[in-house]
Amino acid sequence: MRKLDSRALLTASYRSLLHSYIQQSPTEGPSQQLLNLLSSPRAHLVDLSYLDPTSGRALLHEAARRKDLMLIDMSVRAGANVFVRDIRGRSVGESTKDEKVKVFFKQCESPVHSFVADLTYHLKSHEPGHK
């Protein structure tokens, strides 16, 4: 049996955490493991636009549905694509009726935000001691 490399293991871990998050009660928050992964410097190695095969939703769709602005913010900072569509073709903004969440996504979609996010990531990755 071939050993999985660390990137494949990280991807498998994320997919499992996403599936668990989607399956749990909407009143429960995300697991600490999912939060740790999103705050990790390696989070950008994971495809955060991955659609869970059972629900057809990405992490941003589920977080929007639950009105979890903290998780949405963490996901976007980790590199989640705000333009991702679910299996039915709905945008993340269409996954919620909450106006605060919709406004957040509109701000994320602006070119200025994208530039600032790219610049922030670039600066962080070139800090002394950053691996």
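Which residues have the most contacts inside the largest nonpolar core? The legends below take that up in a predicted model.

**View 1. The largest nonpolar core and its best-connected residues.** Here's the answer: Y14, L38, L59, L60, I72 and F105 have the most contacts inside this core, which has 32 residues. Several helices chip in, with α1 (6-23), α2 (32-39), α3, α4 and α5 (99-109) each supplying at least two residues. The largest share comes from α1, which gives 6 residues. If you're new to this, it helps to know that nonpolar side chains tend to be buried together in soluble globular proteins.

**View 2. L59 and the residues it touches.** Let's zoom in on L59, one of the residues with the most contacts inside the core. Skip its neighbours within four places in sequence, and L59 is in contact with Y14, L18, Y21, L34, L38, L48, Y50, L71 and S75.

**View 3. Where α2 packs against α4.** The axes of these two helices are 9 Å apart, and the angle between them is about 35°. α2 goes past α4 in a left-handed crossing. On the α2 side, the contact is made by L35, L38 and S39, while α4 brings M70, L71, M74 and S75. Sort the contact by class and you get 5 nonpolar residues, 2 polar ones and no charged ones.

**View 4. K67, a lysine with a positive phi.** K67 sits in the loop between α3 (59-65) and α4 (69-77). What's the phi of K67? It is about 60°, a positive value, although K67 is not a glycine. For background, most residues other than glycine have a negative phi.

Note on methods: Residues are numbered from 1 along each chain as its sequence is written. This is a predicted model: local features need pLDDT of at least 70, side-chain atom pairs count only at pLDDT 80 or more; totals for chains, interfaces and linings use all residues. Side-chain values use heavy atoms; hydrogens and water are left out. Helices (H or I, at least four residues) and strands (E, at least two) are DSSP runs, numbered from the N terminus. A nonpolar core is a set of buried Ala, Val, Leu, Ile, Met, Phe, Trp, Tyr and Cys residues joined through side-chain atoms within 4.5 Å. Buried means under 20% relative accessible area, exposed over 50%, partly exposed in between (1.4 Å probe, protein chains only). Contact means heavy atoms within 4.5 Å. Axes are lines fitted to C-alpha atoms, for helices over the stretch in contact, and angles run from 0 to 180 degrees between N-to-C directions. A crossing is left-handed if the near helix is turned anticlockwise from the far one by less than a right angle, and right-handed if clockwise. Ala, Val, Leu, Ile, Met, Phe, Trp, Tyr, Cys and Pro count as nonpolar, Asp, Glu, Lys and Arg as charged, and the others, Gly among them, as polar.
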